[in-house]
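Please review the following briefing on a single molecular structure. It addresses confidence, then a sheet and the helices that accompany it.

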Amino acid sequence: MPRLGSGIPLVGRGVEMDRLRAALRRAAGGSSGAVLIAGEAGVGKTRLVEELAAYARDAGAVVLSGRCVDVGEAGLPYLPFVEALAQVRDLGEEGRPARPGMSMLLPGPAVPRTEEAASEPQRFAPNHSNAYGIAPRREQDIGQLQLFDAVHAQLAELAAERSVVLVVEDLHWADGSTRGLLSFLLSRSRARRLLVVGTYRTDDLHRRHPLRPLLAELARLPAVERLELAPFDAADAHAFVAALAEGRVEEETMARAAGQSEGNAFFAEELLAAFTDEGGAERYAGGARGIPSSLMDVLLTRVERLGEPAQRVIRVASVAGRRVRHSTLREVCELDDDRLEEALREAVQHHVFVVGGAGGEGGEGERETYAFRHALLREAVYGDLLPGERVRLHAAYARYLTGRQAARRGAAAELAHHSLESNALPDALAASVRAAEEATSLGAPADSLRLLEQALRLWSAVEAERRPPGTDELTLLRKASWAAGTSGEPERAVAFARSGVQLADERSDPEVAAEARRRLAQALLAIEGTEDEARTVIARAWEGVAGLPPSRTRAWVLAVQARILRFDQREFAREQAELAVRDARAVGATGAAADALATLAILTEPEHGPERSRELLTEALEGAADAGAITVELRTRYYLGIHHYEQGRLKEADDAIDAGVRRACASGLTWSDFGLELRVLRVLTRFAGGDWDAGEEAAEQPSGRVSGTVSARLAAVGLHIAVARGRFGDAEQLITDLRTEWCRDLQIPLMAGSVGAELACWRGQPELAVARVRETLDWARKVGGPWLMAGIRLGALGVSAYADLAGSAMARDDTAAVERAVAEGERFVEHARRTAEHGTPRTGVLGPEGRAWLARAEAELTRLRGASSPENWQAAVDGFGYGAVYEQALCRWRLGEALLGADRRDEAIAVLRDADAAAVGLGAVPLREAVDRLARRARISLTSAGDKAAPESGDAAAVVLTPRELSVLRVVALGRTNRQVGEELFISEKTVSAHLSHIMAKLGAGRRGEAVAIAYERGLLD
């Protein structure tokens, strides 16, 4: 009789398949998405996925698939991704550049990490001193980040060329690292041709199941949809059974099978098989045994029909899990090859086993595996084992695996599982420790944490002389704290670290105690509200080693203490950083020296100037690179970039930031804390410098609603360009969406609030602008943190909004409203002045950007009071002269307005022409329109007499653009990047670039923004 999935038509799933096909079409159109298919065991999730895979392959898509396994049988973290990405080789993709982290996932030795490289991950948030505030503190595992980045990049590359469907089945069994990688991929979904499909059992999800938090998180992502697969109704159940029977079974038997299946496809299949012989004859119709009382009986009846050798092999295989290698069965079953092969053949013929493909990596070179046809079948057999039989078989597997841990990945974790189940506690402890080390080397901190907790539970149950050599309880606690912190469980990280401190204090070794307290301080900093305790803990650590000679521990304690105190106790922090450098150099701790030098560069700048700070940062960068301390290196590159930015050296800042972004990408840390901060800073720098196309590319503006910290951060920083280019509708929607993400990261409200205020002013809504400024300031005060530079910017925007309100009130002769607006606006100016006194949170010195925004606030104050001062606006123009072309052009517009008010027309003409030229070059549509309105009111021509006059609108026919060129130009006029234009018009980015070159040549334009402006003037665009 045919089995499920072997050519049987898909019954009763038309609606579900329509949704899956629609999701695939959206992905093929460039909108990444995910579908999570939920349903009880046996309801047909795999069959539905198989149908989708066949449909996708017929449409030319690449389908990659992997399956999670029960945690008890899992030896290898990320198993479904190992299986899926191993299939990439079959596509002829071996020639792609190797990515850091991929070696941890695919077969081959894991790349070990040096102590310098792994000892100081990114535990402390960067602090944007240019306008925005702080990022969240969190610990990160570098190996895991590199692995995540490698998988993300691999899928992105594949999806750039064709549609990709990634299937991950049985998520209810996913290990913590797999769940983390899935969350990472889906939360960074962008406009790519990728569809992720996951399946999970709803009947396995108890209240505290670890998959539940992930499902709740993913449900908030706009690209993720859930598909509930319900059991068949009576008609569909009967149709399904009829399709299986193929007309060879009587109607009464089919009706019984369909009725007792309760709409479950697997149950229906097993019941039908139980009611009939393979030849189609009735087996139980009136037979002595009757109808099985439960599905368990049905499943076990299938096994009991087989010969004793086959039953023995099936029972042995059930202990291994759903899959087992042929070589393993040969050893554990203790059968000769002929009898084993005969037993396996019988199990396959009777549809208990299916022959598997890749069974994982094996040093033995053995890749042939057998798998239970359905997980429920394996669970039934395993559950039927007698207790003693189960212990004996687990012990047999443990004996087989002993000594084989180094032969292949995952064997140590399997040995730990089988040793524990067979009550061999010393062996389980040793194997758990080895498996935790392997999980760490594979970038799987969640799996490492589970194994370390298992080892800690076993520690006191194993006699001291039988514990594994080379480790102790304190080491396990320290590693468990680190694994908990890097796998997103900061409270548990603190708990393990506290236990470590208590144990270290019992040893009377000051260095051991100091190291334990350093770990506790780092863990505390990952939790909001524990900064004071972290300072106290690191101070105790320093007290313990202050009187000792230089050592690695002492150097790192000093470096960490300097970093923690750099905002609150700058002078003491500087002294500790200097001492850390001396200690580190004395003992060769290059990574600690680089870390302390980076902190010292910040702390010495107010006293010794920017040149000395740059020297220290350069020295720190060289040291971090020599030590292989990649996170220290990225932090230093970020500080170097923001240092140049604060000094108004935008070209140097852009070069330093680009180098940092490239380094993050090359090291597989694109999405690390400082990898992200470098990308955010690159958008801000390119916005300031006027390279808006590149800025939008770096911001990766989402095509739909945003969710999650990373997407929200990138979307928020991209708002600057969206508003400046006049995409008001998109920007307003994005600001609304971001409102739900404010609590994730202070930079999100600071950016969204300030840009939202600008947007409201452009749209003639000064009351809304004031409300947004106030709300943002209130939120920042409540959250706290070094957000001072944002206070100057927000103060200037607040007084600007009140100046608009005062002007409106003055026009309607509402004196009281004018007075209220002036009084409130003056408070915003005072706020900006007080904020400026503190300087930047990084150095305490106000840089060119801060001084420029303060100058603008003072200039807006004169506008608020009714007599806009040319001198103040000239100061603002000069302030932004360090390269902030848009802000400078905006101030020139206001300067021209002030000059006209002072009857200095000739000066105003020159200033307004400069502002117009900058706005045209940038594609700053709102600013250009504002300058144009002012010029028309003053009867000023924005084209100088010596310039070539633009053709009249009637001469538009002199320039002939093709229909495709007009289509491209219309979308470009909306402020879209080349990539976005291509996606909207379904052409490649290269083709868009070629069309733009032709358009600019025909119009005589040097830049795309200028081409749009000329097209408007000549009537080519309306």
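**Confidence and fold of the model**

Over residues 945-957, pLDDT (the predictor's confidence in each residue, from 0 to 100) stays under 50, and the model has seven contacts beyond four places in sequence for this stretch, contact meaning heavy atoms within 4.5 Å. This is a predicted model, in which local features need pLDDT of at least 70, side-chain atom pairs count only at pLDDT 80 or more, and totals for chains, interfaces and linings use all residues. Residues are numbered from 1 along each chain as its sequence is written, and side-chain values use heavy atoms, with hydrogens and water left out.

**Confidence**

- The chain has an average pLDDT of 84, and 87% of the residues score at least 70.
- Residues 114-137 also remain under a pLDDT of 50, with 119 contacts beyond four places in sequence.
- Confidence is lowest in strand 4 (residues 133-134), with a mean of 37, and highest in helix 39 (residues 870-879), at 97; helices (H or I, at least four residues) and strands (E, at least two) are DSSP runs, numbered from the N terminus.

**Sheet**

- An open sheet consists of five strands in the order 2-5-6-1-7, with parallel pairing; two strands pair if DSSP finds at least two bridges between them.
- Strand 2 (62-67) and strand 7 (224-228) are the edge strands, each pairing on one side only.
- Strand 5 (residues 164-169) pairs with strand 6 (residues 194-201) in the parallel sense over five bridges, and valine 165 stands opposite leucine 195 in strand 6.

**Helices on the sheet**

- Helix 1 (residues 14-28) packs on the sheet and touches strand 1 (33-39), strand 5, strand 6 and strand 7; its direction makes about 165° with that of strand 7, where axes are lines fitted to C-alpha atoms, for helices over the stretch in contact, and angles run from 0 to 180 degrees between N-to-C directions.
- Helix 6 (residues 142-161) packs on the sheet through strand 2, strand 5 and strand 6, and its direction makes about 140° with that of strand 5.
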